[in-house]
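Reader: I would like a close look at one part of this protein, set out slowly and with its surroundings. Please begin with the question that follows the display.

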Amino acid sequence: MKKTLTLISIFISLNANSAFDSSSYGTTAASILKLNINPRCVSMGEACTSDISDASAIDINPANLVKIPKNSLFLSHNIFFENITLESLSFAANLGKNTGTFGIGVKYLNWGKIEKTDDYANDMGSFSPNEMVVELGFASYLTGLTKDPEERIVFGGIGKFIQNKIEKSATTLSADIGILFPYMFDRKLALSLVFQNIVGSIKMDQENYDITKIIRLGSSVFITRNMTINSDIIMPQDRFLYWSIGFEERIKINKRTQFSLRAGANTRNISDMEGLRSVSFGFGIKHWDYLFDYSFSPFGNLGNIHRISLTINY
């Protein structure tokens with residue numbers, strides 16, 4: 001526990017001058033770092049910091065990598081409005097019961113084609129801004145190797161390479177730290193803490209912009225074996241904190257097949273736009289070791305966001 005508190009203190013001291021409120025809105029770079037790649041998480045309001053067990057954990061909470069029994073391959077395709085797309089590919093491998101889990105991931109954000117004009121509105125062609133993140137990480141137990149795995153503190157960390165391109169490319173390095181605490185109340189409650197993008201800035205147009213630091217405090221309540229309620233408090237550097245909550249009900253079809261229904265909401269954009277927003281819905285189908293997930297998120301008058309993913313745990 002002392003090691004855990006030391007890690008938390010280090011992060012807080014590194015970011016003592018960060019605003020973490022709405023006064024920093026629009027002052028950070030690399031929007032890709034704020035986008036969730038997992039449809040299951042998104043359909044639950046993006047509340048999944050304590051409850052994820054596939055390779056996408058490397059991008060959400062690396063400590064959750066230890067929940068992967070053997071190997072996991074995760075692919076997702078995210079369709080936003082205005083031809084904006086986000087792709088991701090992650091892989092994780094469990095190296096042994098008391099060793100830990102290794103993970104690697106990449107995600108790519110394409111902003112679509114943008115027409116370029118001069119000061120007199122003359123056509124000067126087009127350009128296609130994009131962003132990319134490559135992540136490499138590891139998760140292992142910090143305490144109690146003689147205890148049951150669910151009674152141990154888990155630490156996960158990743159390093160990441162970030163590229164931001166408008167017409168010219170800019171790059172930086174950063175890192176995430178994730179912690180899973182031991183289960184409580186007869187394994188009915190799980191808590192986690194994540195520090196994302198703890199260092200790094202990107203230089204664009206001769207100016208340095210911080211990448212968005214994010215703190216996530218997550219909880220999962222396992223109501224029954226097939227019903228879960230997740231809740232996260234999320235504190236991004238460039239806006240005020242917001243709350244997310246999500247619900248999942250798993251329905252067993254037969255011995256090999258399971259169907260899941262999900263719904264969620266968060267307060268992130270509750271006052272930023274008009275129209276239906278801040279809610280999400282989705283479903284999942286699991287057959288043997290294959291999982292397909294879908295989420296639908298209305299985004300006010302800007303349009304709707306669709307996400308799909310395929311996960312293979314083997």
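In which loop is the place of Arg187? Please go on from there to the other loops and the strands.

Author: The model is a predicted one, and in it Arg187 has its place in the loop between β8, residues 169-180, and β9, residues 189-196. The backbone of Arg187 has a phi near 65 degrees, which is a positive value in a residue other than glycine. As for its surroundings, Arg187 counts as partly exposed because its relative accessibility is 40%, a value that lies between the limits of under 20% for buried and over 50% for exposed.

A second loop residue can be set beside it. Glu82 is found in the loop between β1 (71-79) and β2 (85-94), and its phi, near 55 degrees, is likewise a positive value in a residue other than glycine. Glu82 has a relative accessible area of 64% and is therefore exposed. A further positive phi, of about 55 degrees, belongs to Asp205, which sits in the turn of the hairpin that β10 and β11 form with two residues between them. The strands of that hairpin, β10 with residues 201-204 and β11 with residues 207-210, run antiparallel and are joined by four bridges; within this pairing, Ser201 has Asp210 of β11 as its bridge partner.

The loop between α2 and α3 deserves a longer description. Ser50 lies in this loop, which is placed between α2 (39-43) and α3 (57-60), and Ser50 counts as buried because its relative accessibility is 1%. A polar atom of the Ser50 side chain lies 3.0 Å from the backbone oxygen of Gly218. Leaving aside residues up to four places away in sequence, Ser50 touches a set of residues that includes Leu180, Ala190, Leu191 and Ser192, and also Gly218, Ser219 and Ser220. Asn64 and Lys67 are likewise among the residues that Ser50 touches.

Glu46 lies in the loop between α2 and α3 as well, and with a relative accessibility of 7% it is under the 20% limit and so counts as buried. Among the residues that Glu46 touches, again not counting those up to four places away in sequence, are Cys41, Arg216, Asp232, Tyr242 and Ser244; Asn36 and Arg268 also belong to that list. Glu46 and Ile245 are 199 residues apart in sequence, yet from C-alpha to C-alpha they are 7.5 Å apart in space.

Cys41, which Glu46 touches, takes part in a disulfide with Cys48, in which the distance from S to S is 2.2 Å. The structure holds one disulfide, and with 105 degrees about the S-S bond the link of Cys41 and Cys48 is right-handed. Both cysteines are buried, Cys41 as well as Cys48.

The strands come next. Strand β12, residues 214-224, runs antiparallel to strand β13, residues 227-236, and ten bridges join the two. A hairpin of two residues connects β12 to β13, and in this pairing Phe222 stands opposite Thr228 of β13. On to the following strand, β13 pairs in the antiparallel sense with β14, residues 242-252, over eight bridges. Here the hairpin that joins β13 to β14 passes through five residues, and Ile229 stands opposite Phe247 of β14.

These parts can now be placed in the chain as a whole. The protein chain has three helices and 18 strands. Its radius of gyration is 20 Å, close to the 20 Å that the globule rule gives for 314 residues, so the chain is as compact as a globular protein of that length. Along its principal axes, the C-alpha trace of the protein chain spans about 70 × 45 × 35 Å. Of the 314 residues, 47% count as buried, while the chain exposes about 15,500 Å², with carbon and sulfur atoms supplying 59% of that area. Among contacts with a separation of 6 or more, residues 24 or more positions apart account for 51%.

Key
Residues are numbered from 1 along each chain as its sequence is written. This is a predicted model: local features need pLDDT of at least 70, side-chain atom pairs count only at pLDDT 80 or more; totals for chains, interfaces and linings use all residues. Side-chain values use heavy atoms; hydrogens and water are left out. Buried means under 20% relative accessible area, exposed over 50%, partly exposed in between (1.4 Å probe, protein chains only). A polar contact is a pair of N or O atoms within 3.5 Å; within protein, one must be able to donate a hydrogen and the other to accept it, and residues adjacent in sequence count only if both atoms are side-chain atoms. Contact means heavy atoms within 4.5 Å. Two strands pair if DSSP finds at least two bridges between them. The radius of gyration is taken over C-alpha atoms; the globule rule is 2.2 Å times the number of residues to the power 0.38. Accessible areas come from the Shrake-Rupley method with a 1.4 Å probe; for residues, only the protein chains shown count as cover. A disulfide is a pair of cysteine sulfur atoms within 2.5 Å.
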